[in-house]
Amino acid sequence: MGSNANTQELNADLATPTRLTGAEILWATLVGEGVSDVFGYPGGAILPAYDALRKFPIRHVLVRHEQGAAHMADGYARASGKVGVCVATSGPGATNLVTGIANAMLDSIPMVCITGQVSSKVLGTDAFQEVDITGITLPVTKHNFLVNRTEDIAPAIRYAFQIAKSGRPGPVLVDITKDAQQGTAIFDFAAAKPRPYRPHPMLHVDESGLAEAADLIRGAKRPVILAGHGVLESGAMEQLRTLAERAQIPVALTLLGLGAFPASHALNLGMMGMHGEAWVNHAIQEADLLIACGMRFDDRVTGTIATYATKAKKIHIEVDPAEINKNVKIDVALVGDLREVLEQLLPRIPGRDGAVWLKTIDNIKGAAAVRDIKNLPDSGHLYAAHVMHDLWRITGGKAIVATDVGQHQMWEAQYFHHEQPRTLITSGGLGTMGFALPAAIGAKVACPDSEVWVIAGDGGFQMTSAELCTIAQEKIKINIAIINNGFLGMVRQWQEFFYDSNYECTPLLSPDFVKLAEAHGIAGRIVRTRAELAEAVEEARSAPGAFLLNFMVEQEDSVYPMIPVGSALHEMIRRPGKDPLLETPEDK
Ligand SMILES: Cc1cc2nc3c(=O)[nH]c(=O)nc-3n(C[C@H](O)[C@H](O)[C@H](O)COP(=O)(O)OP(=O)(O)OC[C@H]3O[C@@H](n4cnc5c(N)ncnc54)[C@H](O)[C@@H]3O)c2cc1C
Ligand SMILES: Cc1ncc(C[n+]2csc(CCOP(=O)(O)OP(=O)(O)O)c2C)c(N)n1
Ligand SMILES: [Mg+2]
């Protein structure tokens, strides 16, 4: 509900055209689009909108920095599949959104960002808090609008929603001048409906493409499915599973695809790429067919392109024609919504025996199937992998986890096994430190009944830790795990591997995180050994409010395997040491 306690519902009947102010039209249109929660921060140019907010059934979460608002809207969208909405004022409010908008753009997240703008009379005069935010965000939005007439607000907002969620999703910014918010116009929700979305002319899967793809799949001896974020965005989990099971094809996942195929499924290989499982990367290099489903062959996934999967034909199922042949040369492109394309493809795919190839992959796996350090005996040291593994085990793998960016993010991907779609919320393309805490707030607002965890590094957490106060004010129950290694760990790792261990500017002083939480009325606890880990996690889970755990982990641990930039997918740096460690009974 609008932040004001004496909410008075406005009689803005969506079915009856009514004269309203632009500010009222803005909220009424959002209500019409199904919005129940927004994340924002007020200021002069958006004040008319805030003044009208109390009349509408919308929860407004007051953030501490507009970057937080954008990440919350982003986390909300990732967790729910709905469009996330954030609001900011002109000038610095709007520019503070930019990192969050770019983050959503790089990961194709549907978001509508609303900014106030100076009045149209003074536009272009360097008026107080005037910036050209449509100009600034042009390269990092799917589309943006400057609206300076009251009657254009409803059509612009409705169009923004359509653009944000259609085809390849993305963020859309609507910049509304103050006078447009203050003026009045007839609000006619139905008349403001955009023309139906016209898919790109190339979004037509022809019969010959389907037949070619089916032939390749039928004839393949060593096929691998590469499943990405598009599986989640398209809602194609079932179709993907049917394809994999019917044709007995193993599934490798991108970081953003984790959860799109159950981690425990026998055909799930695990994550591919720079910090993926060694056997997954080897299987891709050995494959004779790759079936890419809603993934964009990011450089973190391919290693050097020249040496990438040279023995494999490639089928690419993808909604954005611009992605075809962008990084990797494709043999058969099926351009369209993944779920629809798979539905058309599946009737052409007969049952297939994949036993020989699956056995080969098992052999490639060998002893490496046991992850590197999960099973280190308790020597008094706490490893981040221990934290991830135990968190996964204790939560039954069902929690929604929002990670930050760095080593802890990769360890989470390796050791926390996601069974369900939309349970991993992580910044992939932009790699934005500071993402986890606000994104988790957004996820919890979207899914109030879910258990939500933040997993953040000591560095990234400090970038947006002011949002602890948002949690306190909004009484948001999330649990926070800080993986405190005293370093900007991922950068330290690169310094160790590629810069002669010159740890320049990566040792990091942090505040006492437990006291910091306490200062916000949030309980917390420090954890130094594995023996305390499970009990601490249970204490956090059962606490009535938000809870912070400060895990003091091994400081100079590294993420393995790692493909150095410029190397082939199979040229991974492995954890030093002769034999992989064996599982201890404790971990079974
Ligand atoms: C420190 C760090 C390390 C990383 N290491 C790795 C790593 O080891 N392995 C790894 O995989 N990633 C890694 N990443 C993430 C990587 O940078 C990319 O973000 C990720 O690989 C992209 O995954 P994706 O292609 O599945 O998702 P996106 O980038 O979101 O692309 C999704 C694709 O699906 C398409 N799509 C969307 N909707 C549909 C639809 N309805 N139908 C069909 N297609 C659709 C989109 O057009 C797009 O092409 C790392 C990131 C960081 C920050
Ligand atoms: C906003 C931003 N600035 C800089 C970076 C570069 N960067 C990537 S990982 C990393 C270190 C992260 O340190 P920390 O949050 O402590 O996590 P750790 O790697 O130690 O787990 C840095 C500085 C980034 N990704 N984002
Ligand atoms: Mg760190």
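This is a short dialogue on reading the ligand 2 pocket and the magnesium site in a predicted model.

Reader: Happy to start with ligand 2. Which residues come nearest to ligand 2?

Author: A good habit is to list the surrounding residues before looking at single atoms. Here 17 residues surround ligand 2, and His408, Gly431, Asp458, Gly460 and Gly489 come nearest. By class, that shell holds 7 nonpolar, 9 polar and 1 charged residues.

Reader: And which backbone atoms should I look at?

Author: Look for pairs of N or O atoms within 3.5 Å. A backbone N or O atom of Gln407 sits 2.8 Å from an oxygen atom of ligand 2, and a polar backbone atom of Met490 is 2.9 Å from an oxygen atom of the ligand. For Met433, a backbone N or O atom lies 3.4 Å from a nitrogen atom of ligand 2.

Reader: How much of ligand 2 does the protein bury?

Author: Compare the ligand alone with the ligand in place. Alone, ligand 2 exposes 580 Å², and the protein buries 76% of that. The elements giving two or more residues to its shell are α17, α19 and α21, with the largest share, 4 residues, coming from α19.

Reader: Now the metal. What are the protein donors of the magnesium ion (ligand 3)?

Author: Start with the donor atoms, then trace them along the chain. They are Asp458 (OD), Asn485 (OD1) and Phe487 (O), at 2.0 to 2.1 Å from the ion. Their spacing in sequence is D-x26-N-x1-F. Asp458 belongs to helix α19 and Asn485 to the loop between β18 and α21, so this pair ties together parts 27 residues apart in sequence.

Reader: Are Asp458 and Asn485 buried or exposed?

Author: Both are buried.

Note on methods. Residues are numbered from 1 along each chain as its sequence is written. Chains are lettered from A and ligands numbered from 1 in the order in which they are written. This is a predicted model: local features need pLDDT of at least 70, side-chain atom pairs count only at pLDDT 80 or more; totals for chains, interfaces and linings use all residues. Side-chain values use heavy atoms; hydrogens and water are left out. A residue is near a molecule or strand if one of its heavy atoms lies within 4 Å of it. A polar contact is a pair of N or O atoms within 3.5 Å; within protein, one must be able to donate a hydrogen and the other to accept it, and residues adjacent in sequence count only if both atoms are side-chain atoms. Accessible areas come from the Shrake-Rupley method with a 1.4 Å probe; for residues, only the protein chains shown count as cover. Ala, Val, Leu, Ile, Met, Phe, Trp, Tyr, Cys and Pro count as nonpolar, Asp, Glu, Lys and Arg as charged, and the others, Gly among them, as polar. Donors are N, O and S atoms within 2.8 Å of the metal (3.2 Å for Na, K and Ca); water is not among the atoms, so sites may look incomplete. Buried means under 20% relative accessible area, exposed over 50%, partly exposed in between (1.4 Å probe, protein chains only).
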